[in-house]
Each structure stands twice: as structure tokens, then as C-alpha cells.
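Open the model in your viewer and keep the selection box handy. We will walk through it one stop at a time.

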Amino acid sequence: MASTKHTLRTPLSRVRGLGSARSGTSHFWHQRLTAVANVPLALAFIAIVVCATGSGYEEALALVRSPLVAILLLLFILSAAYHMRLGMQVIIEDYVHSGAKVAAVIANTFFAVLVAAAAVFAVLKITFGGM
Amino acid sequence: MAEANVPGTRPEDIRPLSPHLQIYRWTWTMAMSVAHRITGAALYVGSLLLVIWLLALASGPEAFETAQWFFGSFLGRLILFGYTWALLHHMLGGIRHFIWDVGLGFDAASRHTLARLTLIASAALTLLVWVIGYAVS
Ligand code: HEM
Ligand code: HEM
């Protein structure tokens with residue numbers, strides 16, 4: 001990289017895209033973005049689970065399929081799945097240094113996508129599946 | 001015993017060179033940093049609980065009854081209690097990170113207070129949620 005003294009380039013333009021995986025800043029930013037979204041969504045999720053405690057099958061169906069609950073659940077699932085994938089990748093990069101690292105990062109993505117797909121499918125089936 | 005030896009360092013600020021856990025004396029901020037990572041990893045696995053519950057509900061009455069039976073059992077409740085604490089503690093730890101992200105709370109007193117508050121508030125909130133849960137069910 002050229003000397004930093006005589007340049008009109010902003011510092012941001014020099015670091016952008018140059019993280020450890022050439023995407024460090026965007027990884028960090030997405031972690032924060034989903035973390036901020038997770039605060040209200042997790043609180044809503046806890047409230048929904050509290051409402052669902054001890055409920056029977058029909059009550060639980062009615063709860064999950066009501067529009068506000070279904071939308072909040074879907075948003076929580078998507079935001080949390082993306083957030084946990086980013087977070088676990090950091091943990092893997094911190095502790096796994098062997099050839100297993102790439103496999104672990106791939107498995108991590110598969111797990112997060114599987115969790116999101118299964119949960120989204122279930123909410124959509126409950127809502128639109130004519131159950 | 002290798003210590004970082006920078007001239008002019010106050011005695012209380014002298015740190016061991018080794019970052020290893022058995023050598024570095026535990027502090028509140030360290031403990032809460034580790035707790036943030038452990039709860040994050042626990043929530044990662046715990047996301048399966050939500051998947052199981054939703055899939056059971058989507059599969060029909062029998063599967064749902066089985067899931068409700070499990071989550072209502074002593075073990076199920078214990079797991080859900082732990083999940084509630086992990087989620088609330090991790091959330092408060094995240095809010096602590098947001099405070100640092102905007103450049104606040106870096107002095108020793110604030111770090112210490114924030115770290116202790118995360119634990120106290122997460123314990124209190126978890127109990128509150130469960131008291132409400134038992135009251136409404
Ligand atoms: C409830 C709101 C949540 C907030 C405010 C939040 C906040 C955060 C923040 C700020 C970080 C980055 C910490 C750092 O940079 O060192 C993080 C890491 C992480 N989060 Fe969350 N999070 C939330 C929910 C969740 C959920 C629901 C999951 C899992 C399903 C999760 C899993 C993780 C994992 C695995 C990490 C990586 C931990 C590490 O690197 O030490 N988080 N969280
Ligand atoms: C956000 C929380 C954490 C941070 C920032 C962190 C940071 C670090 C750093 C910088 C090192 C030294 C680097 C190295 O030796 O490779 C280290 C080592 C270590 N960490 Fe963590 N750590 C965290 C969470 C954890 C957790 C949750 C555990 C246990 C489950 C853990 C267990 C260890 C162990 C056993 C070592 C020593 C590794 C060795 O002997 O080489 N850490 N950690």
C-alpha cells in the first residue's frame with residue numbers, strides 16, 4: 001500500500017474490504033446490525049413463548065398464525081440465524097487453526113441455513129397450510 | 001514470571017505477558033466476556049429448541065403433545081430456564097458492546113459496573129420472566 005501521508009484517499013477507502021477474510025468490516029457491521037435487531041425481536045420472542053406456555057394444540061396454532069406473532073417469529077428466526085452464523089464463525093476463526101477450519105466454517109453455514117429453513121417452513125405451514 | 005515491563009507502569013497495571021487463563025487473574029470484565037461467548041454458543045445450539053417446537057406444532061397434535069410434554073418435564077423446564085438466562089444475559093452483554101461501540105464506558109469503574117450489572121440484571125429478568133410465565137399458565 002502506498003504511503004498514507006500524501007494521498008486524497010480516505011482512510012475508510014483503504015481499509016474497506018481488507019479484513020482478515022477481505023470482508024472484516026462488513027462481517028463486524030452485520031454482526032452489530034443483527035444484534036440491534038435481535039434486542040426487540042428476542043424480547044418479543046420471550047413474550048410469545050411465555051404466552052404459549054401450557055397452551056394446547058389449537059391455542060398454540062392460533063397464537064403462531066396470528067399475523068403479528070408470525071411476522072415477529074419470522075424476523076427473529078432470520079435475524080438470529082444470520083447473527084449466530086457470523087458469531088460462530090468468529091469463534092471458529094479464534095480456536096480452529098488446522099485444516100478443519102474450512103470444514104467448520106462450511107458446517108456452520110449449513111447449520112444456520114438449516115435452522116432458518118426449518119423454522120421458517122414450520123411457521124409458513126402453520127400459517128398458510130390450512131391446518 | 002514474564003510481566004510486561006514498561007517503565008512508568010503503575011504496580012496495579014502490571015500485566016502478565018501470557019494471555020492464558022490459568023495465569024491471568026480473573027476479573028469481572030474477563031468473566032463477562034467469556035460468558036458472552038459461552039451464552040452465544042449455547043443460544044446457537046438452543047435455536048434447535050425453537051425449531052423442534054415449531055416443527056412439532058406444524059406436524060400435528062400428537063407431535064405437539066410430545067413436544068409440550070418434554071418442554072413441560074423437569075428436564076425440559078431446566079433447559080428452557082437456562083435458555084432464558086442465556087438469551088437475556090447475552091442480550092445485555094450485547095447492549096454493553098453497543099455502549100462501547102459508541103465510545104462510552106471504557107474507564108475502569110464503568111467497565112466493572114457494566115460487567116456486574118449484566119449478571120445482576122440477567123438473573124433478575126430471568127426470574128421475572130419465569131414468575132410471569134407461571135402466573136399466566
Ligand atoms: C438478544 C439479542 C442479542 C444481542 C444484543 C446480541 C449481541 C451480540 C454481539 C454485540 C455480539 C458480538 C460480540 C463481539 O463482538 O465480541 C454477539 C456475538 C454472538 N452472538 Fe449474539 N446477540 C443477541 C442474540 C443472539 C442469539 C439469539 C444468538 C444465537 C441464536 C446469538 C449468538 C451469538 C454468537 C454465537 C456470538 C459469537 C460470540 C463471540 O464471538 O464471542 N446472539 N452477539
Ligand atoms: C469473548 C470471549 C473471549 C475472548 C475475547 C477470548 C480471547 C482469548 C485470547 C486472546 C486468547 C489467547 C490467544 C491464544 O492463546 O490463542 C485466549 C485463549 C484461550 N481461551 Fe479464550 N476468549 C474468550 C472466550 C473463551 C471461552 C468461552 C473459553 C472456554 C470455553 C475460552 C478458553 C480459552 C482457552 C482455554 C485459551 C488458552 C488457549 C491456549 O492455551 O493456547 N475463551 N482467549
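Select B:Arg37 and ligand 1 together: a polar side-chain atom of B:Arg37 sits 2.6 Å from an oxygen atom of the ligand. Keep in mind on this tour that you are looking at a predicted model.

**Stop 1: around the ligand**

Add B:His90 to your selection. One of the polar atoms in the side chain of B:His90 is 2.7 Å from a nitrogen atom of ligand 1. Now cross to chain A and pick A:Arg32, where an N or O atom of the side chain is 3.3 Å from an oxygen atom of ligand 1.

Next, show every residue around the ligand. How many residues surround ligand 1? There are 23, and the closest are A:Arg32, A:Asn38, A:His83, B:Arg37 and B:His90. Try colouring by chain here: the residues around ligand 1 come from chains A and B, so the two chains share this site.

Colour by residue class instead, and the shell around ligand 1 shows 12 nonpolar, nine polar and two charged residues. To see which helices take part, select α2 (24-52) and α4 (67-95) in chain A, then α1 (28-59) and α3 (74-101) in chain B. Each of these four helices gives at least two residues to the shell.

**Stop 2: two charged pairs between the chains**

Return to B:Arg37, and this time bring up A:Asp94. Their side chains form a salt bridge, with N and O 2.8 Å apart. Side chains of opposite charge can pair when their charged atoms come close.

Now go back to A:Arg32, which you met beside the ligand. Which residue forms a salt bridge with A:Arg32? The partner is B:Asp101, and the closest N and O atoms are 2.4 Å apart. This pair crosses between chains, running from helix α3 of chain B, which holds B:Asp101, to helix α2 of chain A, which holds A:Arg32.

**Stop 3: the whole interface**

Zoom out and select the contacting residues of both chains. You should find 31 residues of chain B in contact with 40 residues of chain A. The area buried between the two chains is about 2,900 Å², and carbon and sulfur atoms give 79% of that.

Across this interface there are two salt bridges, and six residue pairs are in polar contact. On the side of chain B that touches chain A, α1, α2 (61-72), α3 and α4 (108-136) each supply at least two residues. Which helix gives the largest share? That is α1(B), with 12 residues. By class, this side of chain B has 21 nonpolar, seven polar and three charged residues.

**Stop 4: the annotated spans**

For the last stop, bring in some record information. In an unreviewed entry, UniProt annotates residues 35-57, 63-82 and 102-124 of chain A as "transmembrane region". Select residues 35-57 of chain A: this span is 83% helix and 0% strand, with its end C-alpha atoms 32 Å apart. Residues 63-82 of chain A are 95% helix and 0% strand, and here the end C-alpha atoms are 25 Å apart.

For chain B, UniProt (again an unreviewed entry) lists residues 34-56, 68-88 and 114-136 under the "transmembrane region" label. Residues 34-56 of chain B are 100% helix and 0% strand, with 34 Å between the end C-alpha atoms. Finish with residues 68-88 of chain B, where the span is 95% helix and 0% strand and the end C-alpha atoms lie 23 Å apart.

Definitions and conventions. Residues are numbered from 1 along each chain as its sequence is written. Chains are lettered from A and ligands numbered from 1 in the order in which they are written. This is a predicted model: local features need pLDDT of at least 70, side-chain atom pairs count only at pLDDT 80 or more; totals for chains, interfaces and linings use all residues. Side-chain values use heavy atoms; hydrogens and water are left out. UniProt positions are given in the numbering used here, feature names are shortened, and annotations may be inferred rather than shown by experiment. A residue is near a molecule or strand if one of its heavy atoms lies within 4 Å of it. A polar contact is a pair of N or O atoms within 3.5 Å; within protein, one must be able to donate a hydrogen and the other to accept it, and residues adjacent in sequence count only if both atoms are side-chain atoms. Ala, Val, Leu, Ile, Met, Phe, Trp, Tyr, Cys and Pro count as nonpolar, Asp, Glu, Lys and Arg as charged, and the others, Gly among them, as polar. Contact means heavy atoms within 4.5 Å. Buried area is the accessible area (1.4 Å probe) that two parts lose on being put together, summed over both. A salt bridge is a side-chain nitrogen of Lys or Arg within 4 Å of a carboxyl oxygen of Asp or Glu.
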